[in-house]
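Reader: I am new to this structure and would like a close look at a single part of it, the nonpolar core. Please set that part in the context of the chain around it, and explain the terms as you go.

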Amino acid sequence: MKGLTINLMSEKDIEQVVEIEAVSFLNPWGALSFLTELSCENAHSFILRLKKGKSDKDDPVVAYLCFRVIIDMMHILKIAVKPEHRRRGIAYAFLTECLESFSRREIKAAFLEVRESNTAGMGLYQKLGFHIIGKRPGYYTDTWEDAILMQKNLERRV
Ligand SMILES: CC(C)(COP(=O)(O)OP(=O)(O)OC[C@H]1O[C@@H](n2cnc3c(N)ncnc32)[C@H](O)[C@@H]1OP(=O)(O)O)[C@@H](O)C(=O)NCCC(=O)NCCS
């Protein structure tokens, strides 16, 4: 990803992450939810920085990704890109890189829930090769919207 760097999310990034979160989700997580992810053993949280300054700390966060690994399954919880950087292939490249890296760690599949109305999210996951495997009726209690359950096989064929 030219001009972008992937790093582990740290406490110092949470302020910027929460700003992106607030404009990306109907029911956004607060700082405490991200802090919980950072302290959880099976949770993995990454940020994407736009290379600008001389040192990493000057570079703004433009996207983040949170997932958990449950035995050999990756459960994607969050991905968001700063609105002004969307539709440039950032989420696709970011997730492709992480899925590739975790498929080398014996992770068999990745799954997630996405709001039925989230055409951007559904389009992204379909482009990445996720398939619809089910529906959770009324999963999102703020609007009682259904969640679409999607999965991608990550097993490598030899
Ligand atoms: C969903 C989201 C992460 C996509 O990020 P992005 O960097 O703009 O996505 P990309 O540019 O990598 O797009 C990859 C594919 O996703 C789909 N897509 C992305 N945005 C879309 C939109 N607004 N409408 C329809 N399809 C869209 C397209 O299939 C696109 O491929 P294409 O450009 O060849 O058509 C971003 O819109 C976002 O942060 N949304 C708010 C948070 C969210 O809904 N996250 C997902 C649920 S957890």
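Author: Buried residues make up 22% of the 158 residues in the protein chain, where a residue is buried if 20 or more other C-beta atoms lie within 10 Å of its own, exposed if 12 or fewer, and partly exposed in between, with C-beta atoms placed from the backbone. The model is a predicted one, in which local features need pLDDT of at least 70 and side-chain atom pairs count only at pLDDT 80 or more, while totals for chains, interfaces and linings use all residues. Residues are numbered from 1 along each chain as its sequence is written.

The largest nonpolar core has 29 residues, and among these V17, A63, Y64 and L65 touch the most other members; a nonpolar core is a set of buried Ala, Val, Leu, Ile, Met, Phe, Trp, Tyr and Cys residues joined through C-beta atoms within 7 Å. At least two residues of this core come from each of α1 (14-22), β2 (43-50), β3 (61-70), β4 (73-81), α3 (90-103), β5 (109-115) and β7 (145-153), these helices (H or I, at least four residues) and strands (E, at least two) being DSSP runs numbered from the N terminus. The largest share, 6 residues, is supplied by β3. In soluble globular proteins, nonpolar side chains tend to be buried together.

L65 can be followed in more detail: leaving aside residues up to four places away in sequence, L65 touches F46, K78, I79, F94, L95 and C98, where two residues are in contact if their C-beta atoms, placed from the backbone, lie within 7 Å. Across the protein chain, 55% of the contacts with a separation of 6 or more are between residues 24 or more positions apart.

Two of the strands that supply the core, β5 and β7, pair in the antiparallel sense over 7 bridges, and two strands are said to pair if DSSP finds at least two bridges between them. In this pairing R115 stands opposite A147 in β7. Strand β6 (residues 131-140) also pairs with β7 in the antiparallel sense, over 6 bridges, and H131 stands opposite Q151 in β7. With 4 residues between them, β6 and β7 form a hairpin, and W144 in the turn has a positive phi of about 60°.

Outside these pairings, two residues illustrate the other burial classes. E19 is found in helix α1 and counts as partly exposed because it has 13 C-beta neighbours inside 10 Å; the C-alpha atoms of E19 and R49, 30 residues apart along the chain, are separated by 14 Å. P83, which lies in the loop between β4 and α3, counts as exposed because it has 10 C-beta neighbours inside 10 Å, and its C-alpha atom is separated by 7.9 Å from that of V23, 60 residues apart along the chain.

As for the chain around the core, it has 4 helices and 7 strands, which follow the pattern β-α-α-β-β-β-α-β-α-β-β when read along the sequence. The radius of gyration of the protein chain is 15 Å, close to the 15 Å that the globule rule gives for 158 residues, so the chain is as compact as a globular protein of that length; the radius is taken over C-alpha atoms, and the globule rule is 2.2 Å times the number of residues to the power 0.38.
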